[in-house]
Amino acid sequence: VQLQASGGGLVQPGGSLRLSCAATGSFVSINDMGWYRQGPGRQRELVATVAKGGGTNYAGSVMGRSIISRDNAKNTVDLQMNNLFPEDTAVYFCSANVRTHWGRDARQYWGQGTLVTVSS
């Protein structure tokens, strides 16, 4: 299972950014998908997750200015972030809880991370 993230880059404060992630490889189902981030000198933290049925969960710091969505047919998850602040600067990681075979437990997979820098 591979998670390929894209969409990071440099954005000015108050700007917007859309991150995308695609899951590829051999698997039978994907449960929750989500985005986490790790800022300079900080621990990795949850940004947002979306369940297979569409239920969402957001960190308080991004609630109201971020939207997470997924396409179950394409095995993708996107994160639209608006009104970005310098403190949103971080490496953003895509993650998914994936079952590779029926009868086996699902496990968490991580993408390689994409850097988002919010600066003027």
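This section describes the fold, surface and aromatic contacts of a predicted model.

The chain contains eleven strands and zero helices. From the N terminus on, its elements therefore read β-β-β-β-β-β-β-β-β-β-β. The radius of gyration is 14 Å, close to the 14 Å that the globule rule gives for 120 residues, so the chain is as compact as a globular protein of that length. The C-alpha trace spans about 50 × 25 × 25 Å along its principal axes.

Burial and contacts were computed over the chain. Of its 120 residues, 42% count as buried. Among contacts with a separation of 6 or more, 55% join residues 24 or more positions apart.

The exposed surface of the chain amounts to about 6200 Å². Carbon and sulfur atoms supply 48% of that area. The chain carries 11 positive and 7 negative charges. The mean positions of these two sets lie 5 Å apart.

Aromatic contacts were also examined. The count comes to one aromatic pair. Tyrosine 36 and tryptophan 110 form this pair, with 5.0 Å from centre to centre and 65° between the planes. The geometry is edge-to-face, because planes over 60 degrees apart count as such. The pair links distant parts of the chain. Tyrosine 36 belongs to strand β4 (residues 29-38), and tryptophan 110 to strand β10 (residues 107-110). The two residues are 74 residues apart.

The partners were also assessed for accessibility. Tyrosine 36 has 19% relative accessibility and so counts as buried, the cut-off being under 20%. Tryptophan 110 has a relative accessible area of 37% and is partly exposed.

How values were computed: Residues numbered from 1 in each chain as written. Predicted model: local features only at pLDDT ≥ 70, side-chain atom pairs only at ≥ 80, totals over all residues. Heavy atoms only, no water. Helix = DSSP H or I, 4+ residues; strand = E, 2+ residues; numbered from the N terminus. Rg over C-alpha atoms; globule rule 2.2 N^0.38 Å. Buried < 20%, exposed > 50% of the residue type's maximum accessible area, 1.4 Å probe, protein only. Contact = heavy atoms within 4.5 Å. Areas by Shrake-Rupley, 256 points an atom, 1.4 Å probe, with all protein chains shown as cover. Lys, Arg positive; Asp, Glu negative; His and termini not counted. Charge placed at Lys NZ, Arg CZ, Asp CG, Glu CD. Phe/Tyr/Trp six-rings, centres within 6.5 Å; stacked < 30°, edge-to-face > 60°.
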